[in-house]
Amino acid sequence: MTIGDAIKKTDELQPNSFGQEEKIRWLAQLDRELWREVVLTHEGAEDAVEPEYREDTADDTLLLVEGPYDCMYIHWLQSRIDYALAEYGRFNNSNAAFEADRMAWRMWYNRTHMPKQEARGRYF
């Protein structure tokens, strides 16, 4: 999924007054968190590119998580919108959907990528 796809689909499902720049900041926040907490803790992270999005990042920039788990971006944006508008009942629902998506992706990532092994010294 691209940045533009995530924003367009979110806006179709939940019309809102937040600008694209704010939504890109929210997407950047999520991908940086996923990068630090999940990707960097597994082998092969040195071959992956750290996501860096700014307000002027192109709409066709691919997000970190691929399908079928990429629906998390839509739920993430919806939860950010709901929270910002103090729609806490809706936020609870959209955030629960996001957390389920994130957990499913994390479980898949953990199954398919070897965790980094810590160097352990010998203790005498």
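A crossing of two helices is called left-handed if the near helix is turned anticlockwise from the far one by less than a right angle, and right-handed if clockwise. The tour uses that term at two helix pairs, H1 with H3 and H2 with H3.

The structure is a predicted model, in which local features need pLDDT of at least 70 and side-chain atom pairs count only at pLDDT 80 or more, while totals for chains, interfaces and linings use all residues. Residues are numbered from 1 along each chain as its sequence is written, and side-chain values use heavy atoms, with hydrogens and water left out.

**Whole chain**

Start with the cartoon of the entire protein. It has four helices and zero strands, and the order along the sequence is α-α-α-α. Helices (H or I, at least four residues) and strands (E, at least two) are DSSP runs, numbered from the N terminus. The C-alpha trace spans about 60 × 30 × 25 Å along its principal axes.

Of the 124 residues, 37% count as buried. Buried means under 20% relative accessible area, exposed over 50%, and partly exposed in between, with a 1.4 Å probe and protein chains only. Taking contacts (heavy atoms within 4.5 Å) between residues at least 6 apart in sequence, 72% join residues at least 24 apart.

**H1 against H3**

Select residues 3–13, which are helix H1, and residues 72–84, which are helix H3. The axes of H1 and H3 come within 9 Å and cross at roughly 55°. Axes are lines fitted to C-alpha atoms, for helices over the stretch in contact, and angles run from 0 to 180 degrees between N-to-C directions. H1 and H3 are therefore oblique to each other; angles under 35 degrees count as roughly parallel, over 145 as roughly antiparallel, 65 to 115 as roughly perpendicular and the rest as oblique. The crossing of H1 past H3 is right-handed.

Show side chains at this crossing. From H1, the contact takes in Ala-6, Ile-7, Lys-9, Thr-10 and Leu-13, and from H3 Tyr-73, Ile-74, Leu-77, Gln-78 and Ile-81. Sorted by class, these are seven nonpolar, two polar and one charged. Ala, Val, Leu, Ile, Met, Phe, Trp, Tyr, Cys and Pro count as nonpolar, Asp, Glu, Lys and Arg as charged, and the others, Gly among them, as polar.

Stop at Lys-9, which lies in helix H1. Lys-9 is partly exposed, at a relative accessible area of 37%. Draw a C-alpha to C-alpha distance from Lys-9 to Tyr-73: the two are 64 residues apart in sequence and 9.7 Å apart in space.

**H2 against H3**

Keep H3 and add residues 20–37, which are helix H2. H2 and H3 pack at an angle of about 120°, with their axes 10 Å apart. That angle makes H2 oblique to H3, and the crossing is right-handed. On the H2 side, select Lys-23, Trp-26, Leu-27, Gln-29, Leu-30, Asp-31 and Leu-34; on the H3 side, Met-72, Tyr-73, Trp-76, Leu-77, Arg-80 and Ile-81. This contact of H2 with H3 divides into nine nonpolar, one polar and three charged residues.

**Salt bridges**

Side chains of opposite charge can pair when their charged atoms come close. A salt bridge here is a side-chain nitrogen of Lys or Arg within 4 Å of a carboxyl oxygen of Asp or Glu. The whole structure has eight of them.

Select Asp-11 and Lys-23, whose side chains form a salt bridge at 2.7 Å, N to O. Asp-11 belongs to helix H1 and Lys-23 to helix H2, twelve residues apart. Asp-11 is partly exposed at 27% relative accessible area, whereas Lys-23 is buried at 2%.

Next select Glu-33, in helix H2, and Arg-102. Their closest N and O atoms are 2.2 Å apart, in a salt bridge. The pair links distant parts of the chain, since Arg-102 sits in helix H4 (residues 88–112), 69 residues from Glu-33. Glu-33 counts as buried at 19% relative accessibility, and Arg-102 at 14%. Leaving aside residues up to four places away in sequence, Glu-33 touches Val-38 and Arg-102.

Stay on Arg-102 and add Glu-99, a second salt-bridge partner, with the closest N and O atoms 2.8 Å apart. Arg-102 and Glu-99 are three residues apart in helix H4, about one helical turn. Glu-99 is partly exposed, at 31%.

Finish with Glu-22, Arg-25 and Glu-55, which are linked in a network of salt bridges.
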